[in-house]
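Visitor: Please take me through this model and give the grounds for each label you use.

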Amino acid sequence: MRCIGGCDGFSLALHGLRGVAVLFVLVSHIGTGLLPFAHHGIGKVGVWIFFALSAFLLTRGLVAALATQVAPWRALGAYFLHRVCRIYPLLLVVLLLHWVLGQMTAAELGWHVLLLAGHDELWAIPVEVAYYCVIPCLAVLARRVSRLLLHGLAAAMLAVCVGVGVVNPEIVFSNALDLIPRLAPFLLGSLLALQVSGPQWLCSRGSGLWVPAAIWVATMLLHAAAYRGLSSGRFPIEWAPWLSLGLGATATAGIALGLQGGPLSRVLASRGLVFVGRVSFSLYLTHMFVLDAFTQVGFSGGALRGWSALAVCMLVAAVGWHVIERPGIAWGRLLGERLLGVRSVG
């Protein structure tokens, strides 16, 4: 068996899956011109993939850290340090730019820094950070209670999530900051992380996964079409909680398939998707500045506008990654290692 992207660390396929997620958002916001058919109104499909993937990676990492001889408070402290250094450097720059451009007041800027508000596409950041506080609870419980009890608790939380969505279906895919109606992708990603045991999960199973890969792609496209129908009003809003649950399950299945190797993993681990995945946070936070600039200069409509906007978005995101994100991640890793009492290698 061969390893996909290395058995120790971040699988390249998961970078690629993150690239797929942000492309859903970007393609949706560009709206026309990239493809020969309408492709707006599908952005939250990508956000749901982000939610499931973040939950999987962070839960898996924290569970592994708590399983070492390091004091639990040190592992939890390093976990939160990593999150702050990963999110805030670029987020603060983006918020300041919104303020300078007159898109939010100084008071609104403060609320956004405290993650108590979410301007347009920034709504997903407070929601995800709220789940960062749930992950330590699950990770600690995973070491202290039986798997059956943990799964029962997760099932109860999923039931509450769906129930809230049934009562208030319009909130599920809105830009509100409520976590509970969006718990499905997060919980399913965390549950997968709690099931992963041993490096075999990161190894290729050969070419026997063509059928599951084809089913996954078809299912994801069907969910995207269903969400587009929901967002355009062609499908009833009452579908929202069930569509959220289905999207969360599909995104989580994509993570599992990516880790297992085979054709889907090879596609996701391609150089282009891995690059997009690496700069995905910058791409998510900065792409609207680029698209707004294109609109303001009157460059709108057609394939030339779509592909030009995509290229500029990628360039801006790459700069953001190298200048802001990457140093922030390095500082978070250094501070975390000092808190854990380990020495960085390399």
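**Labels and their grounds**

Visitor: Why is R333 called partly exposed?
Guide: In this predicted model, R333 has a relative accessible area of 45%. Partly exposed covers the range between the 20% limit for buried and the 50% limit for exposed, so R333 is partly exposed. R333 belongs to helix α14, residues 302-340. Its C-alpha atom is 27 Å from that of R144, and the two residues are 189 apart along the chain.

Visitor: What makes S231 buried, partly exposed or exposed?
Guide: S231 has a relative accessible area of 41%. That value lies between 20% and 50%, so S231 is partly exposed. S231 is part of helix α9. A separation of 31 Å lies between the C-alpha atoms of S231 and A193, which are 38 residues apart along the chain.

Visitor: Why is R234 called exposed?
Guide: The relative accessible area of R234 is 53%. Exposed means over 50%, so the label applies to R234. R234 sits in the loop between α9 and α10, the latter spanning 240-260. Leaving aside residues up to four places away in sequence, R234 touches R228 and G229.

Visitor: How do you know whether L188 is buried or exposed?
Guide: L188 has a relative accessible area of 18%. Buried means under 20%, so L188 is buried. Helix α8, residues 183-195, holds L188. Outside residues up to four places away in sequence, L188 touches L158, L245, G248, A249 and T252. L188 and F56 are 132 residues apart in sequence, with 8.1 Å between their C-alpha atoms.

Visitor: What makes the phi of L115 worth a remark?
Guide: Most residues other than glycine have a negative phi. L115 is not a glycine, and its phi is positive, near 60 degrees. L115 is in the loop between α4 (106-113) and α5. With a relative accessible area of 15%, set against the limit of 20%, L115 is buried.

Visitor: Which sign does the phi of D120 have?
Guide: The phi of D120 is positive, about 50 degrees, and D120 is not a glycine. D120 also lies in the loop between α4 and α5. At 45% relative accessibility, D120 is partly exposed, because that range runs between 20% and 50%.

Visitor: How many cavities of 30 Å³ or more are counted?
Guide: The count is one. A cavity is space where a 1.4 Å probe fits but cannot get out. The largest cavity holds about 30 Å³ of space. Its lining is made of L91, L95, H112, L115, A117, L122, I125 and P126. Helices α3 (72-100) and α5 (124-132) are the elements that give two or more residues to this lining.

Visitor: What makes up the lining of the largest cavity by class?
Guide: Seven residues are nonpolar, one is polar and none is charged.

Visitor: Which element gives the largest share of the lining of the second largest pocket?
Guide: The volume of this pocket is about 490 Å³. Among its 20 lining residues, V20, F24, L35, I42 and L221 are the closest to its centre. Two or more lining residues come from each of α1 (12-30), α9 (210-231) and α11 (262-268). The largest share, seven residues, is from α9. The lining comprises 18 nonpolar residues, one polar and one charged.

Visitor: Which residues have the most contacts inside the largest nonpolar core?
Guide: They are I125, Y131, F173, I255 and Y284, in a core of 101 residues. Helix α2, residues 43-66, gives the most to this core, with 13 residues. One of the well-connected residues listed, I255, touches L14, L17, A52, L53, F56 and L192, again without residues up to four places away in sequence.

Visitor: What is the mean pLDDT of the protein chain?
Guide: The mean is 89, and 91% of the residues reach 70 or more. Over residues 1-9 the pLDDT is below 50, and this stretch has 24 contacts in the model beyond near neighbours in sequence.

How values were computed
Residues are numbered from 1 along each chain as its sequence is written. This is a predicted model: local features need pLDDT of at least 70, side-chain atom pairs count only at pLDDT 80 or more; totals for chains, interfaces and linings use all residues. Side-chain values use heavy atoms; hydrogens and water are left out. On a 1 Å grid over the protein atoms alone, a cavity is a set of points where a 1.4 Å probe fits but cannot get out, and a pocket is an open set with protein on both sides within 12 Å along at least five of seven lines; lining residues have an atom within 4 Å of a point. Grid points are joined across faces, edges and corners, and a volume is the space filled by probe spheres set on the points. Helices (H or I, at least four residues) and strands (E, at least two) are DSSP runs, numbered from the N terminus. Ala, Val, Leu, Ile, Met, Phe, Trp, Tyr, Cys and Pro count as nonpolar, Asp, Glu, Lys and Arg as charged, and the others, Gly among them, as polar. pLDDT is the predictor's confidence in each residue, from 0 to 100. Contact means heavy atoms within 4.5 Å. A nonpolar core is a set of buried Ala, Val, Leu, Ile, Met, Phe, Trp, Tyr and Cys residues joined through side-chain atoms within 4.5 Å. Buried means under 20% relative accessible area, exposed over 50%, partly exposed in between (1.4 Å probe, protein chains only).
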